[in-house]
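Open the model in your viewer and keep the sequence panel visible. This tour goes from one selection to the next.

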Amino acid sequence: MFVLVEMVDTVRIPPWQFERKLNDSVAEELNKKLANKVVYNVGLCICLFDITKLEDAYVFPGDGASHTKVHFRYVVFHPFLDEILIGKIKGCSPEGVHVSLGFFDDILIPPESLQQPAKFDEAEQVWVWEYETEEGAHDLYMDTGEEIRFRVVDESFVDTSPTGPNSAEAASSSEELPKKEAPYTLVAPWIERRPRT
Amino acid sequence: MEVKDANAALLSNYEVYQLLTDLKEQRKESGKNKHSAGQQNLNAITYETLKYISKTPCRNQSPAIVQEFLTAMKSHKLTKAEKLQLLNHRPMTAVEIQLMVEESEERLTEEQIEALLHTVTSILPAGPEDEQSKSTSNDVAMEEEDPA
């Protein structure tokens, strides 16, 4: 579920923090910059794992702050393909079942990947699995708050960086294509329901 | 900012749990230094992730247990990803093993699946919710293993 990502970045420490140890200031700045943020094609950053190398710090003319190039490793949430995860159903919509992991919400199970046959109950706004046995059909509802197990099938990263003023017209048409505005979403077929205790 | 290696290492849920609890301790000790907007993100994500992992069986693991589990797994010839999934989820039924291990019908016989289940449940400690429902689910587990 979690991977370690090696990154390099230049960290700016303002002069009023010079009394603190460099390691602590750098760690705090990195966490401030990356925690709970999605890095394009990498994943959702959780927290700093460690600092591998600190290069020399420079002070540039006109700016009193020090700039340090840092090599560090960050803990990132990035499930691999076909990984099994357990999450809670956040809600259902005609697009599919929305699942949340608490810290990560944008997981969608499209209707094609649900156990067939499944149909969407408009009145209650839930997806229902019609399980056929010899006795008759049992309707298994996907209620909100239920824990389910699912396998990751696909992920999509959307570059949500702001566009410049010149290319505004060209960019607006291409950004409409991905409906999901979330920078990182997972698509997953539903596997089984965790047995209710 | 540059990403040197987007997949340097895989982390088990237990390692992340350990890291986050240590981080929380450190920040509590150093007092209320900065509850500014920057720290709020870190607080939010660590709280949510800790909450999620605390509900899984990884909470009760320790480095010794993980080591023991990995040495026991050597004989079963599983890929790294499969071993990681077994470690994170602690499957208790054959169905779960079939999901996590690719082509398990071809690679493992039924006795091997049973042996694998037994190794997993004996070495890895149960999760917090499993402990509560242990008495009720025991009967269910017995019935599921019989038809095998």
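Axes here are lines fitted to C-alpha atoms, for helices over the stretch in contact, and angles run from 0 to 180 degrees between N-to-C directions. Helices (H or I, at least four residues) and strands (E, at least two) are DSSP runs, numbered from the N terminus.

This is a predicted model: local features need pLDDT of at least 70, side-chain atom pairs count only at pLDDT 80 or more, and totals for chains, interfaces and linings use all residues. Residues are numbered from 1 along each chain as its sequence is written, chains are lettered from A and ligands numbered from 1 in the order in which they are written, and side-chain values use heavy atoms, without hydrogens and water.

**Stop one: two helices of chain B.** Select α3(B), residues 63–73, and α4(B), residues 80–89. They pack at about 135°, axes 11 Å apart. The two are therefore oblique to each other (neither under 35 degrees, over 145, nor 65 to 115). Now show side chains. V66(B), F69(B), L70(B) and M73(B) of α3(B) meet K83(B), L86(B) and L87(B) of α4(B) (contact: heavy atoms within 4.5 Å).

**Stop two: a strand of chain A.** Select β4(A), residues 66–77. Ten of its twelve residues are buried (under 20% relative accessible area, 1.4 Å probe, protein chains only).

**Stop three: its partners.** Strands pair if DSSP finds at least two bridges between them. Add β1(A), residues 2–13: it pairs with β4(A) in the antiparallel sense over twelve bridges. Find V11(A) opposite T68(A). Next add β3(A), residues 43–59, antiparallel to β4(A) over eleven bridges. Here L48(A) has Y74(A) as its bridge partner.

**Last stop: the hairpin.** Six residues lie between β3(A) and β4(A). Pick G62(A): its phi is positive, near 95°.

Terms used:
Buried means under 20% relative accessible area, exposed over 50%, partly exposed in between (1.4 Å probe, protein chains only).
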